[in-house]
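Trainee: Could you take me through one spot in this model up close, and then show me what lies around it?

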Amino acid sequence: MAEIKVPELAESISEGTIAQWLKQPGDYVEQGEYLLELETDKVNVELTAEESGVLKEVLKDSGDTVQVGEVIGTIVAGEAGGSESAALAPASKEEPAAEQKEEAAKEEPKSGNGRTIASPAARKLAREKGLDLSEIPTVDPLGRVRKQDVASYQKNEAPASAPKAAPKANASVQNDQAGKPVERERMSRRRQTIAKRLVEVQQTAAMLTTFNEVDMTAVMDLRKRRKDAFFEQNDVKLGFMSFFTKAVVAALKKYPLLNAEIQGDELVIKKFYDIGIAVAANEGLVVPVVRDADRLSFAGIEKEIGHLAKKARDNKLSLNELQGGSFTITNGGTFGSLLSTPILNSPQVGILGMHKIQLRPVAIDEERFENRPMMYLALSYDHRIVDGKEAVGFLVTIKSLLEDPEQLLLEG
């Protein structure tokens, strides 16, 4: 019998939360096959079986917090489990009669440790909605709860304002809200971690934000002229992020304190340029890192950002891809934000906020003005080591480079 243990994940991660079991007690698993999904502070990790056999028991359920090294289940090897293992092992050539198989399948949702058999998608939705799987009816002849069963149950359940149908745990909430309908959802581990760290940053850093605006006419004209040839040559679209990443790297070289961090009573000024790009994923904001951005071409930056963004949306980022950034760029403009004050990504001391490009009248000289595509830029920085002079100079450098993008080629 083999124990399923929570593996070492990263130096800074000592625990996680079981998001969902992908296998149920009684299932046969091959070596290397996925067993469960573990949610950590930064990423979700899928744990695999270290040997083939039958999943005998599950010691921790979905939603439970587990420690590195903790035993959370057991697997019985194919032939070594005796009668119990043989009963759980895959069907042999001498299969039971059809009636016996159907009867056994019907009993399976009630066996094991008493957990209702449900698809991973159904378990996830039920967990998000705070529903008990055992209370959800299903039309499946074998009694398995599916995602659509959870969705329809949620849709048809009695209104939360009905006192008799409300769970006891929600009674105080309903009393406080004078009987108004509410919905309670458990915060994911990642969302809890994001909330905790954002508060910590504002409590420990002397954070300040300075603003500027940039005329995007030159960049947009350059993209319009070169986008087709760029795509044909590099098989990737020419977006705005490569221009901003190049401009940020150039500005960091000129103002190195924004590429530093505080460790005790020392400044660690980084001589590398690993730029974090904030990505909005389903489970919350993540910041994958473009390594050595100063050594990448425009095409290289666009490809890497696209690759990391896809992995973020698919929840496939590794811990290494999220650690060690030296500066962060976040683009609220993709959601229509006109202006914001981004919060530092600790232990970094600087973050650049991009925003929506909007036509605004701009004075050309004392007598003329034109409508230009303008973007507000926001730089949040740690005033403990970065003074206003450096912060303003940093933004002015980025503005200058973007309004004359040919300079980026010389800088690169």
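Mentor: Sure, let's start with T210, which sits in strand 9 (residues 207-215); strands are DSSP runs of E, at least two residues long, and helices are runs of H or I, at least four, both numbered from the N terminus. Keep in mind that this is a predicted model, where local features need pLDDT of at least 70 and side-chain atom pairs count only at pLDDT 80 or more, while totals for chains, interfaces and linings use all residues. Residues are numbered from 1 along each chain as its sequence is written, and side-chain values use heavy atoms, with hydrogens and water left out.

T210 has 16% relative accessibility, so it counts as buried (under 20%; exposed is over 50%, partly exposed in between, with a 1.4 Å probe and protein chains only). Skipping residues up to four places away in sequence, T210 touches L377, A378, L379, Y381, A391, V392 and L395 (contact means heavy atoms within 4.5 Å).

Now look at helix 10, residues 388-403, whose axis comes within 9 Å of that of helix 8, residues 241-254, crossing at roughly 135° (axes are lines fitted to C-alpha atoms over the stretch in contact, with angles from 0 to 180 degrees between N-to-C directions). The two helices are therefore oblique to each other (not under 35, over 145 or 65 to 115 degrees). From helix 8, residues including F243, F244 and A247 meet helix 10 residues, among them F394, I398 and L401.
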